[in-house]
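Here are some short exercises to work through with the sequence and the 3D view side by side. Try each task yourself before you read its solution.

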Amino acid sequence: MDLATGRADVLVIAGPPMDYWDVAPMPVIVPEAGGRVTGLGGGSVLTGDMTVPTNNGRLHEAILDLVAGLPRSRDLYALDEGV
């Protein structure tokens with residue numbers, strides 16, 4: 001809702017595992033508010049690894065470039081150590 005109302009420009013969900021029903025509404029709601037949503041790799045959020053950058057639409061490519069190459073492990077210790 002913060003994104004849709006303009007209180008946030010970017011939201012990234014890449015923490016504890018999300019499930020399909022957590023991300024399924026995003027491709028409908030976010031574009032209706034003028035934003036863009038994909039997986040962190042740039043593909044469909046519905047078929048990816050449930051990591052989600054969503055933003056106001058103007059920043060999407062910059063966010064994908066920023067997170068390119070980052071580990072996408074669900075092991076939080078591995079993320080902390082950069083594995």
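**Exercise 1: Elements**

How many helices and how many strands does the secondary structure of the protein come to?

*Solution.* Start with how the model was made and numbered: it is predicted, so local features need pLDDT of at least 70 and side-chain atom pairs count only at pLDDT 80 or more, while totals for chains, interfaces and linings use all residues. Residues are numbered from 1 along each chain as its sequence is written, and side-chain values use heavy atoms, with hydrogens and water left out.

Next, find the elements: helices (H or I, at least four residues) and strands (E, at least two) are DSSP runs, numbered from the N terminus. The protein has four helices and three strands. Read from the N terminus on, their order is β-α-α-β-β-α-α.

**Exercise 2: One helix, two sides**

Find which residues of helix α3 (residues 60-67) are buried, and explain how they are arranged around the axis.

*Solution.* Step 1: sort by relative accessible area, where buried means under 20%, exposed over 50%, and partly exposed in between (1.4 Å probe, protein chains only). By this rule, His60, Ile63, Leu64 and Val67 in α3 are buried.

Step 2: look down the axis. These four residues lie on the same side of α3 because they cover an arc of only 100° around the axis; the arc is that of the directions from the helix axis to the C-beta atoms.

Step 3: turn to the other side of α3, where Asp65 and Leu66 are exposed.

Step 4: ask what does the covering. The cover over the buried residues of α3 includes β1 (10-13), β2 (36-37) and β3 (52-55).

Step 5: move past the end of the helix. Gly69 follows α3, and its phi is positive, near 90°.

**Exercise 3: Charged pairs**

How many salt bridges does the structure hold, and which residue forms one with Arg36?

*Solution.* Step 1: apply the rule that a salt bridge is a side-chain nitrogen of Lys or Arg within 4 Å of a carboxyl oxygen of Asp or Glu. The structure holds two.

Step 2: take Arg36, whose partner is Glu61, with the closest N and O atoms 2.8 Å apart. Arg36 belongs to strand β2 and Glu61 to helix α3, so this pair ties together parts that are 25 residues apart in sequence. Arg36 is partly exposed at 33% relative accessible area, and Glu61 is partly exposed at 44%.

Step 3: take Asp2 and Arg7, which form a salt bridge with their closest N and O atoms 3.3 Å apart. Asp2 is partly exposed at 37%, whereas Arg7 is exposed at 62%.

Methods. Contact means heavy atoms within 4.5 Å.
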